[in-house]
Structure formats: structure tokens, C-alpha cells
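Please open the structure in your viewer and keep the sequence panel visible. The tour below proceeds by selection, with a short account of what is found at each stop.

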Amino acid sequence: MALNAALAGPTYQKADRNQDREWFIDLLLKGQEASTVVRQKPTVHAELAMIMEMAKGKLRDVEPYIGVSKLACIMCSHYIRIFNEVTEQKIAVKGCHGKAYPG
């Protein structure tokens, strides 16, 4: 349900978004049923890589603002919001463009 909401919702997304969603669901199902698991190499966006390093204690004494050249995707935006709620941090990013990407 979350995947459908994230990928199908807003009207500003490209028309082929449904095709991307179906491709992603097919990939997951094939991976579960096949003898060899089909996997796509995961992508870790810059914002989340920085948060992971901060959570591990490798980045210290930094401002709670992550400034990258692009706006955050919708999944990163949700992750950062939930991360802040759970850890009681106040990490901020420039904004969110509202798009989701497979992988």
C-alpha cells in the first residue's frame, strides 16, 4: 500500500510512473519465487549516507542541516522526518521535490 501511495499519487509525476511501479512489483515477486534471487543494487542518497554516518558517531559537531545540490526525494524526506521523530533530532534539508525512484 505504501509503494502504491508513494508512486501513484500526485499528478505532477510522469505518466509512465505506473509502468515503473509494475516493473518494481514484478521484480520483487520474481525475487521471492525464483531459485535465484533477482536484486537491484540499492541506492543510498547523499542525505541518508550523511545521517547514517552521524548516527554511527563518525560525523560529530556538525550543523543539523544537510545541504546537497538537489532537493530530497519523497522517500528520503519521509525517512528524515521519521528519523527526527524517533531520535528526537532536528535534521533539516533544503526541501523535497515529491518524486520517488526505484532502487
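Begin by selecting E53 in this predicted model. With a relative accessibility of 26%, E53 is classed as partly exposed, since that class covers values between 20% and 50%. E53 belongs to helix α3, which spans 46–55. Now add K56 to the selection and display both side chains: the two residues form a salt bridge, in which the closest N and O atoms are 3.7 Å apart. K56 is the exposed partner, because its relative accessible area is 56%. In general, side chains of opposite charge can pair when their charged atoms come close.

How many salt bridges does a search of the whole structure find? The search finds 2. For the other stop of this kind, select R81 and E85, whose side chains meet in a salt bridge with an N to O distance of 3.4 Å. Both residues lie in helix α4, and because they are 4 residues apart there, about one helical turn separates them. E85 is exposed, at 51% relative accessible area, whereas R81 is partly exposed, at 42%.

**Along helix α4**

Remain on helix α4, which covers residues 74–87, and select Y79 and F83. The structure holds 1 aromatic pair. The ring centres of Y79 and F83 are 6.3 Å apart and the ring planes make an angle of 15°, so this pair is stacked. Y79 and F83 are likewise 4 residues apart in helix α4, so about one helical turn lies between them. Are the two residues buried or exposed? F83 is buried, since its relative accessible area is 15%, while Y79 is partly exposed, with 39%.

Next, select M75, which is also found in helix α4. M75 is partly exposed, with a relative accessible area of 44%. Draw a distance from its C-alpha atom to that of C96: the two residues are 21 apart along the chain, and the separation in space is 9.3 Å.

Then move past the helix to E88, in the loop between α4 and β2 (92–93). The phi angle of E88 is near 60°, a positive value in a residue other than glycine. At 71% relative accessibility, E88 is classed as exposed.

**The nonpolar core**

Select L48, I51, M54, I66, A72, C73, C76, I80, F83 and I91 together and show their side chains. These 10 residues form the largest nonpolar core. Two elements, helices α3 and α4, each give two or more residues to this core. F83, already visited in the aromatic pair, is thus seen again as a core residue.

Which residues does C73 touch, leaving aside those up to four places away in sequence? The answer is H45, C96, H97, K99 and Y101.

Follow that set to H45, in the loop between α2 (17–33) and α3. H45 is partly exposed, with a relative accessible area of 24%. Under the same exclusion of residues up to four places away in sequence, H45 touches C73 and C76, both of which are members of the core. H45 and C76 are 31 residues apart in sequence, yet their C-alpha atoms are 7.7 Å apart in space.

**A nonpolar surface patch**

Switch to a surface display and select M50, L59 and V62. Together these three residues make a nonpolar surface patch of about 220 Å². V62 lies in the loop between α3 and β1 (65–66), and its relative accessibility of 43% places it among the partly exposed residues.

**The whole chain**

Finally, clear the selection and colour by secondary structure. The protein chain has 4 helices and 2 strands, and from the N terminus on they follow the order α-α-α-β-α-β. Of the 103 residues in the chain, 22% are buried. The chain exposes about 7,800 Å², of which carbon and sulfur atoms supply 57%. Among contacts between residues at least 6 apart in sequence, 62% join residues at least 24 apart.

Conventions:
Residues are numbered from 1 along each chain as its sequence is written. This is a predicted model: local features need pLDDT of at least 70, side-chain atom pairs count only at pLDDT 80 or more; totals for chains, interfaces and linings use all residues. Side-chain values use heavy atoms; hydrogens and water are left out. A nonpolar core is a set of buried Ala, Val, Leu, Ile, Met, Phe, Trp, Tyr and Cys residues joined through side-chain atoms within 4.5 Å. Buried means under 20% relative accessible area, exposed over 50%, partly exposed in between (1.4 Å probe, protein chains only). Contact means heavy atoms within 4.5 Å. Patches are made of residues with over 30% relative accessible area and no salt bridge: like charges are joined within 9 Å, nonpolar side chains (Val, Leu, Ile, Met, Phe, Trp, Tyr) within 5 Å. Accessible areas come from the Shrake-Rupley method with a 1.4 Å probe; for residues, only the protein chains shown count as cover. A salt bridge is a side-chain nitrogen of Lys or Arg within 4 Å of a carboxyl oxygen of Asp or Glu. Rings of Phe, Tyr and Trp (its six-membered ring) pair if their centres lie within 6.5 Å; planes under 30 degrees apart count as stacked, over 60 as edge-to-face and the rest as tilted.
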